[in-house]
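Here is a quick walk through a single-chain model, written for someone who likes to know what touches what. Have the viewer open and follow along.

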Amino acid sequence: MTDREKKLDEMFCSSCGEIIKKEAEICPKCGVRQNASPSSHRKKDKTTAGILAILLGGIGVHKFYLGEIGLGILYLCFSWTFIPSIIGFIEGIIYLTKSDEEFEAKYG
């Protein structure tokens, strides 16, 4: 296993900061259960986010999909002005043109 692969397979404990495996449910050093188990973490797809933003951006569906609930509600509240539709369209283009690494770093 290369150093890069090893780093991608590790994370920091949410309590003590020790480097642990991503699959670990409990930190072996401090015994604290980690916040998100691998099975509950869903990877966000940039194509899905981009298409949602372009088609339904006016009501903030893409923001809800990406877990930004507050912004989704804000888009929904101002949907009657069509400003969120314009912004959603632009965001959709941005999502689709980002590299997978950039998108994953920000929304993953």
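## Overall layout

Going along the sequence, the protein chain runs α-β-β-α-α-α-α-α. That adds up to six helices and two strands. Keep in mind that this is a predicted model.

How much of the chain is buried? Of its 108 residues, 25% count as buried.

## How α2 and α5 pack

Helix α5 covers residues 83-97, and its axis passes 7 Å from that of α2, at an angle of about 160°. An angle over 145 degrees counts as roughly antiparallel, so α2 is roughly antiparallel to α5. If you care about handedness, the crossing of these two helices, α2 and α5, is left-handed.

## A greasy spot on the surface

There's a nonpolar patch on the surface with an area of about 700 Å². Its members are I51, L55, L56, I59, F64, I69, I73 and L76. Helices α2 and α4 (69-77) each put in at least two of the patch residues.

Take I51 as one of the members. It sits in helix α2, and its relative accessible area of 43% makes I51 partly exposed.

## Salt bridges around the strands

Searching the whole structure turns up six salt bridges. One of them joins K21 to D9, with 3.3 Å between the closest N and O atoms. K21 belongs to strand β2, while D9 is in the loop between α1 (3-8) and β1 (10-12), so this pair ties together parts that are twelve residues apart in sequence. How do the two ends compare for exposure? K21 is partly exposed because its relative accessibility is 39%, whereas D9 comes in at 17% and therefore counts as buried.

K29 and E18 also meet through their side chains, in a salt bridge of 3.7 Å from N to O. Here the link is between distant parts of the chain: K29 is in the loop between β2 and α2, E18 is in the loop between β1 and β2, and the two are eleven residues apart. K29 is exposed at 60% relative accessibility, and E18 is partly exposed at 35%.

## A small charged network

Another salt bridge pairs K63 with E68, where the closest N and O atoms are 3.1 Å apart. Shared partners extend this pair, and salt bridges join K63, E68 and E91 into one network.

Is K63 buried or exposed? With a relative accessible area of just 4%, K63 is buried; the cut-off for that label is under 20%. Its partner E68 has 25% relative accessibility and so counts as partly exposed.

## Two residues in the loop between β2 and α2

The loop between β2 (19-21) and α2 (46-56) holds P28, and A24 lies in that loop between β2 and α2 as well. P28 is exposed, with a relative accessible area of 71%. A24, on the other hand, is buried, with a relative accessible area of 18%.

Each of these residues has a C-alpha distance worth checking in the viewer. For P28, the partner is C13: 15 residues away in sequence and 9.4 Å away in space, C-alpha to C-alpha. For A24, the partner is M11, 13 residues off along the chain, with 9.4 Å between the C-alpha atoms.

## An odd backbone angle at F82

Most residues other than glycine have a negative phi. Which way does phi point at F82, positive or negative? F82 has a positive phi of about 70°, although it is not a glycine.

F82 is in the loop between α4 and α5. Its relative accessible area is 59%, so F82 counts as exposed.

Conventions:
Residues are numbered from 1 along each chain as its sequence is written. This is a predicted model: local features need pLDDT of at least 70, side-chain atom pairs count only at pLDDT 80 or more; totals for chains, interfaces and linings use all residues. Side-chain values use heavy atoms; hydrogens and water are left out. Helices (H or I, at least four residues) and strands (E, at least two) are DSSP runs, numbered from the N terminus. Buried means under 20% relative accessible area, exposed over 50%, partly exposed in between (1.4 Å probe, protein chains only). Patches are made of residues with over 30% relative accessible area and no salt bridge: like charges are joined within 9 Å, nonpolar side chains (Val, Leu, Ile, Met, Phe, Trp, Tyr) within 5 Å. Accessible areas come from the Shrake-Rupley method with a 1.4 Å probe; for residues, only the protein chains shown count as cover. A salt bridge is a side-chain nitrogen of Lys or Arg within 4 Å of a carboxyl oxygen of Asp or Glu. Axes are lines fitted to C-alpha atoms, for helices over the stretch in contact, and angles run from 0 to 180 degrees between N-to-C directions. Angles under 35 degrees count as roughly parallel, over 145 as roughly antiparallel, 65 to 115 as roughly perpendicular and the rest as oblique. A crossing is left-handed if the near helix is turned anticlockwise from the far one by less than a right angle, and right-handed if clockwise.
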